[in-house]
Amino acid sequence: MIIAPALLEQVVQHARLEAPNECCGLIAVTQGRAVSVHELENLAASPLRFEVDGAKLAPLLFEIEEAGQQAAIYHSHTRSDPYPSQTDVNFARWWPGCEWLIIGLENAADPIARSFMIGDEGVIEEIGVEIDG
């Protein structure tokens, strides 16, 4: 994913605001470039997982798709490396072909952003984050 510093900072600020719980949201992406960030509420209010309100998620997904964009999922890991957990891998089966941006806040002074594709059978491939702008 290519992302402008201001959009990445929006995701990082969301992660910091929700800490110690995970934050979550969607990023609208066009041709591999992030174009907007959409914060969602983590209904689980948990440092270990996130859960979103389907009634809020569905119209947002529709809006992104109607604009000809793809949705990427973002969330934070507040106590571990920004690498897909088994919970993430299990959840990803419902989101085939979706990019996952994870913000690591284990060292809050120096957050880390990493992006992944989680494929069939839980195969994890890091695809990288390029900050542009």
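**View 1. Three helices and eight strands make up the protein chain.** This is a predicted model. Follow the sequence from start to end and you'll meet the order β-α-β-β-α-β-α-β-β-β-β. The C-alpha atoms sit in a box of roughly 35 × 35 × 30 Å along the principal axes. For 133 residues, a compact globule would come out with a radius of gyration near 14 Å, and the protein chain agrees with that at 13 Å.

**View 2. Here's the protein chain from the inside out, with 39% of its 133 residues buried.** Among contacts with a separation of 6 or more, 61% come from residues 24 or more positions apart. On the outside, the chain exposes about 7100 Å², and carbon and sulfur atoms supply 51% of that. As for charge, count 7 positive and 21 negative side chains; the centres of the two sets lie 5 Å apart.

**View 3. Strand β2 covers residues 24–30.** Is it buried or exposed? Six of its seven residues are buried, so β2 is largely enclosed by the rest of the structure.

**View 4. β2 and β3 form a hairpin with two residues between the strands.** Strand β3 takes in residues 33–40 and pairs with β2 in the antiparallel sense, over seven bridges. To pick out one bridge, look for Ala28, whose partner in β3 is Ser36. Also in this hairpin, Gln31 takes a positive phi near 50°.

**View 5. β2 also pairs with strand β4, residues 70–77.** These two strands run antiparallel and are joined by six bridges. Val29 is a handy place to look: its bridge partner in β4 is Gln70.

Methods: Residues numbered from 1 in each chain as written. Predicted model: local features only at pLDDT ≥ 70, side-chain atom pairs only at ≥ 80, totals over all residues. Heavy atoms only, no water. Helix = DSSP H or I, 4+ residues; strand = E, 2+ residues; numbered from the N terminus. Rg over C-alpha atoms; globule rule 2.2 N^0.38 Å. Buried < 20%, exposed > 50% of the residue type's maximum accessible area, 1.4 Å probe, protein only. Contact = heavy atoms within 4.5 Å. Areas by Shrake-Rupley, 256 points an atom, 1.4 Å probe, with all protein chains shown as cover. Lys, Arg positive; Asp, Glu negative; His and termini not counted. Charge placed at Lys NZ, Arg CZ, Asp CG, Glu CD. Pairing = 2+ DSSP bridges.
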